Amino acid sequence: MYTSQGKLTVRAFLADEALPLEGAVITILGADEENLEFSMLAVTDEDGVAGPIDLPAPEIELSLSSNPKSQPYASYDIIVQKENYYTKRISNAAIFSGIIAVLPINMIPYVSYADGGSYPRGNINTLVTENEMLE
């Protein structure tokens, strides 16, 4: 069990940070052996922000050592959901003791039509890196 704390702020938005997304549900799940039992829910406010949220983390001394005895951060899986939007999942987000991590999430609207079609069409890769292009 971790004995220290770090913080996480999630910022959900649309249109490349042009519009905040209120009411997105943030699920935080522990992803380490030390925090597998951990789970928490939060909801974004009118500014699209949830947090800062206190999360258990290893002692700060581990992250200050050049050769730590164990992993100097805690890992968490973060799921962001809102009706009519694609769900985003971030795996193994690192949380260090005494640090506020900021996680920006650009949500993509999901539109379905009466004929069964949807936009964007087909599967969308929500794990595209910054320099890749959607095809």
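1. Leaving aside neighbours within four places in sequence, T9 is in contact with V49, A50, G51, P52, I100, A101, V102 and L103. The model in which these contacts are found is a predicted one, and T9 itself is placed in strand β1, which covers residues 4-14. With a relative accessible area of 11%, T9 counts as buried because this value is under the 20% cut-off.

2. As for the overall make-up, the secondary structure of the protein comes to one helix and ten strands, and along the sequence these elements follow the pattern β-β-β-β-β-α-β-β-β-β-β. Among the contacts in the protein with a separation of 6 or more, 58% are accounted for by residues 24 or more positions apart.

3. One sheet deserves a separate description: four strands form an open sheet in the order β4-β3-β6-β7, and their pairing is antiparallel. Its edge strands are β4 (39-43) and β7 (88-95), each of which pairs on one side only. On average, and with direction ignored, neighbouring strands of this sheet are turned by 25° against each other.

4. Within that sheet, strand β3 (residues 25-30) and strand β6 (residues 74-81) pair in the antiparallel sense over six bridges. For a reader who wishes to check the register in the model, G30 stands opposite Y76 in β6. As a general matter, strands of a sheet pair through backbone hydrogen bonds, either parallel or antiparallel.

5. The largest nonpolar core has 24 residues, and those with the most contacts inside this core are L8, I26, I28, L55, I78 and V80. The elements that give two or more residues to the core are β1, β3, β5 (49-57), β6, β7 and β8 (100-106). In soluble globular proteins, nonpolar side chains tend to be buried together.

6. Which residues is I78 in contact with, once its neighbours within four places in sequence are left aside? The residues concerned are L8, I26, T27, I28, K88, R89, I90, A93 and L103. Among these contacts of I78 are L8, I26 and I28, which, like I78, are listed with the residues that have the most contacts inside the largest nonpolar core.

7. Turning to the surface, 35% of the 135 residues of the protein count as buried. The accessible surface of the protein comes to about 8700 Å², of which 50% belongs to carbon and sulfur atoms.

How values were computed. Residues are numbered from 1 along each chain as its sequence is written. This is a predicted model: local features need pLDDT of at least 70, side-chain atom pairs count only at pLDDT 80 or more; totals for chains, interfaces and linings use all residues. Side-chain values use heavy atoms; hydrogens and water are left out. Two strands pair if DSSP finds at least two bridges between them. Axes are lines fitted to C-alpha atoms, for helices over the stretch in contact, and angles run from 0 to 180 degrees between N-to-C directions. Buried means under 20% relative accessible area, exposed over 50%, partly exposed in between (1.4 Å probe, protein chains only). Contact means heavy atoms within 4.5 Å. A nonpolar core is a set of buried Ala, Val, Leu, Ile, Met, Phe, Trp, Tyr and Cys residues joined through side-chain atoms within 4.5 Å. Accessible areas come from the Shrake-Rupley method with a 1.4 Å probe; for residues, only the protein chains shown count as cover.
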